[in-house]
Amino acid sequence: MPVDSRTAPRRSAKYSRGPKSKKKRGFFRRFWWFFVLVPVVGFLAVAGALFFVYINLDIPDAPPPIESSHLRDRNGKLITTFHSEVDRTVIPLESMPPALRNAVIAAEDKDFYEHGGISPIAIARAAIADIMNRSIEQGGSTITQQYVKNVYTGGERTFRRKIEEAMLAVKLERELSKDEILEKYLNTIYFGQGAYGVEAAARTYWDEPARDLTLIQSATLAGVIAAPSRFDPVDHRIEAKIRRNYVLDRMAEDGYIDPETAARLKERKVTVSRRSFADYPGAYFAEVVRRNLVNDPNYGSEAVLGGGLNIKSTLDLEVQQAAEDIVYRQHLNAKGDPQAALVAIDPKNGDIIAMVGGDDFTESQFNLATQAERQAGSAFKTFTLAAAMQQGYSLSSTWNGPSSIVIRDPECADPSGAPWEVGNADPSEAGTFTLEAAAAHSVNTVFAQLVTEVGPENVAKTAKAMGIHSKFDKPVPCSITLGSQGVTPLDMTAAYATLAAGGDYHAPLAIESIKGPGGVRKFKSAAQEGKGIQPNDAKLVSWALKDVVTEGTGVAAAIPGVAIAGKTGTAQDYKDAWFCGYTSELSTCVWMGYAKRPKPMYNVEGVPTVYGGTIPAEIWQDFMLDYMRIRKLDPDDFEDFPRPDFSRNQKGYTPPAPEPTTPPAEEPSPKPKPDEEPGEEPTDGPSPPEPTP
């Protein structure tokens with residue numbers, strides 16, 4: 001009869017196991033301690049090893065962070081920063097608003113002020129995720145661990161690196177306070193767009209310092225940390241908003257803000273208001289400074305772009321902004337207008353106060369103020385006049401100035417041997433001129449004769465001594481007196497500043513001082529100085545050039561009550577137009593022309609024909625008026641130009657013939673008194689008349 005397995009009695013376990021089972025059970029009973037001891041010993045060994053490593057682990061010296069260099073104006077205002085791929089500015093924790101600190105803690109490490117460098121709960125959570133995915137997927141890192149990774153261990157995602165990171169984090173917490181760690185973290189973390197640290201990020205995204213960040217801006221930045229390439233508020237605004245709102249929710253949960261505030265802020269759009277390098281006033285000037293320092297063997301690109309230099313320049317940012325507005329917003333703001341350059345220099349020391357090198361740095365980095373060598377026209381006659389003063393010519397010497405003249409001096413002939421033909425800008429202008437009047441009215445035919453007298457080589461030598469560094473043609477042509485050689489606005493301004501300084505030349509100076517990180521002074525620049533021309537010669541030239549502004553070709557630059565000397569210049573076919581002028585306070589040159597392809601300037605901003613006495617002189621006047629407003633100067637603050645000694649320069653002066661007179665009837669000479677001796681009247685010849693101020 002078959003047995004029903006469901007009702008059949010079961011054998012007891014005691015009888016169901018054979019001899020093998022009994023042996024196995026006895027083994028475990030006798031050696032249970034082994035299975036307990038091995039894990040314990042292993043754990044203790046690992047713990048001991050880790051402890052040994054920990055106590056012998058030294059926190060390495062943190063390498064100096066790559067830090068952006070800052071270019072500031074003469075008053076300490078930030079112009080821009082210089083950096084390569086890493087844009088960073090280290091600031092103290094006190095300069096970071098509480099809202100920003102709270103947002104970062106809420107988003108990245110809510111228990112930052114409670115844990116000892118690592119968070120066991122976060123590590124366990126991350127470990128489970130890593131085991132399930134069979135790879136390092138989550139870090140579970142605290143803020144301290146993130147800082148250690150960024151500075152010491154790098155981004156390698158291995159278990160060994162994570163262990164080292166955790167031990168360094170614990171050790172770091174024993175050496176630094178929480179606030180010190182948070183400060184270092186917020187100065188090193190990456191925020192996208194090349195910005196490292198909160199200061200660079202604030203300026204990158206909102207063009208303002210970190211201390212001025214609002215709550216919503218702080219939440220946006222805190223959201224970027226998790227994945228800068230994904231939550232960048234410039235290129236990924238939707239993702240940035242989602243992440244920002246997550247941060248706001250975390251801040252509300254942790255009690256940093258109330259839920260109503262979080263709900264209200266979450267409705268707002270993500271906005272940025274950043275400016276590029278070229279949007280800053282003085283972009284062309286800044287590029288001059290950057291290039292000069294990068295090419296300087298004492299600095300180089302590594303120091304300039306990552307050495308955290310604090311560069312104090314000579315530029316006045318407010319004056320610079322006014323100059324750019326005057327040139328490209330008030331005078332040349334129509335499509336198709338020519339370009340212009342403006343340079344202003346303090347004649348007392350060579351400081352560059354303003355530099356307008358173009359209208360759009362993003363479109364063209366070619367600096368019209370420092371790189372464009374253009375014909376100066378009659379503005380170069382100043383150097384011929386200065387050379388004549390050096391050779392003793394009198395401002396009262398008279399010259400025949402016909403409407404046109406042929407100079408047959410072989411030195412002035414063209415390559416084919418043809419004589420030099422020169423005409424006045426206004427054919428109706430002709431007659432006899434004093435040298436002073438010829439300068440005031442820019443009479444070409446007089447200066448064509450004068451350059452043959454003083455020699456074109458001497459004109460070039462004088463120009464170079466005063467500040468012109470262009471390479472002139474060899475042999476120097478006689479046409480140099482009419483500005484046929486190319487010069488830059490920077491050099492012209494420096495050369496005219498030599499006159500304003502009474503003959504002393506100061507090389508144009510863009511940098512006042514440089515300090516390294518921590519305020520250690522690294523560099524103090526000094527302008528090159530030298531004697532351009534003798535003081536009395538400079539006074540004579542300035543005396544003549546005052547007439548240019550009061551009654552000559554530059555009257556459009558005149559400012560009532562202000563002593564101004566200057567010279568207009570117009571190149572052939574009106575392709576270049578200049579006005580260079582100076583006062584006791586400032587030397588400024590304005591150049592105007594088409595940058596890409598020089599061409600005549602007709603019908604520009606309502607002016608039929610542009611020459612130096614039109615738009616360039618008007619720009620000069622408007623700039624000078626704004627300079628006076630910014631510096632709070634009135635006409636009484638400007639010194640008049642010193643009176644020269646006219647008696648030293650007699651060359652070319654012909655005293656007028658004395659008018660015939662009827663001699664008076666002779667009278668007996670009085671007898672000398674006992675205490676007097678007979679004397680003689682002075683026999684010196686007549687002195688030349690002093691030119692009219």
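This passage describes the overall make-up of a predicted model, followed by its cores, its open sheet and several individual residues.

The chain is assembled from 23 helices and 22 strands. Of its 693 residues, 48% count as buried. Among contacts with a separation of 6 or more, 70% are made by residues 24 or more positions apart. The accessible surface of the chain amounts to about 35600 Å², and carbon and sulfur atoms account for 52% of that surface.

A good place to begin inside the structure is the largest nonpolar core, which holds 91 residues. Within this core, Phe383, Leu385 and Met492 touch the most other members. Helix 21 (residues 489-500) is the element that gives the most to the core, contributing 8 residues. With neighbours within four places in sequence set aside, phenylalanine 383 is in contact with Val459, Thr462, Ala463, Met466, Ile468, Met492, Ala495 and Tyr496. A separate core of 46 residues lies apart from this one, and its members include Tyr185, Ala201, Ala219 and Ala252.

Ala201 of that separate core also appears among the buried residues of helix 9. Helix 9 (residues 198-206) is mostly covered, with 8 of its 9 residues buried. These are Val198, Glu199, Ala200, Ala201, Ala202, Thr204, Tyr205 and Trp206. The cover over them includes parts of both kinds of element: strand 3 (87-88) and strand 4 (195-196), together with helix 4 (98-108), helix 8 (178-188) and helix 10 (215-224). Just after helix 9 comes aspartate 207, which takes a positive phi of about 55°.

Tyr205 of helix 9 leads on to proline 233, which touches Tyr205 as well as Thr220, Val224, Ala240, Val270 and Val272, not counting residues up to four places away in sequence. Proline 233 sits in the loop between helix 11 (228-231) and helix 12 (237-253). Although placed in a loop, proline 233 has a relative accessible area of 0%, so it counts as buried. Its C-alpha atom is separated by 7.2 Å from that of valine 272, a residue 39 positions away along the chain.

Valine 289 offers another view of contacts across the sequence. This residue belongs to helix 14 (residues 283-294). Its relative accessible area is 1%, and valine 289 is therefore buried. Residues up to four places away in sequence aside, valine 289 touches Leu71, Phe82, Ile311, Ala510 and Ile511. Leucine 71 lies 218 residues from valine 289 along the chain, yet the C-alpha atoms of the two are separated by 8.6 Å.

Turning to the strands, an open sheet of 5 strands follows the order 7-6-20-19-18, with antiparallel pairing. Strand 7 (352-356) and strand 18 (565-570) form its edges, each pairing on one side only. From one strand to the next, the twist averages 5°. Helix 22 (residues 535-550) packs on the sheet, where it touches strand 18 and strand 19, and its direction makes about 65° with that of strand 18.

At one edge, strand 18 pairs with strand 19 (residues 576-582) in the antiparallel sense over 6 bridges. Alanine 565 stands opposite tyrosine 582 in strand 19. At the other edge, strand 7 is joined by 4 bridges to strand 6 (residues 339-345), and the two run antiparallel. Here alanine 344 faces alanine 354 in strand 7. Strands 6 and 7 form a hairpin with 6 residues between them, and glycine 350 in the turn has a positive phi of about 85°. Strand 7 pairs on one side only, but 5 of its 5 residues are buried, so the rest of the structure largely encloses it.

A last example is asparagine 424, found in the loop between strand 11 (420-423) and strand 12 (431-434). With a relative accessible area of 8%, this asparagine is buried, because residues under 20% count as such. A polar atom of its side chain lies 2.9 Å from the backbone oxygen of proline 402. Beyond neighbours within four places in sequence, asparagine 424 is in contact with Gly401, Pro402, Ser403, Glu429, Val443, Asn444 and Thr445.

Technical notes. Residues are numbered from 1 along each chain as its sequence is written. This is a predicted model: local features need pLDDT of at least 70, side-chain atom pairs count only at pLDDT 80 or more; totals for chains, interfaces and linings use all residues. Side-chain values use heavy atoms; hydrogens and water are left out. A nonpolar core is a set of buried Ala, Val, Leu, Ile, Met, Phe, Trp, Tyr and Cys residues joined through side-chain atoms within 4.5 Å. Buried means under 20% relative accessible area, exposed over 50%, partly exposed in between (1.4 Å probe, protein chains only). Contact means heavy atoms within 4.5 Å. Accessible areas come from the Shrake-Rupley method with a 1.4 Å probe; for residues, only the protein chains shown count as cover. Two strands pair if DSSP finds at least two bridges between them. Axes are lines fitted to C-alpha atoms, for helices over the stretch in contact, and angles run from 0 to 180 degrees between N-to-C directions. A polar contact is a pair of N or O atoms within 3.5 Å; within protein, one must be able to donate a hydrogen and the other to accept it, and residues adjacent in sequence count only if both atoms are side-chain atoms.
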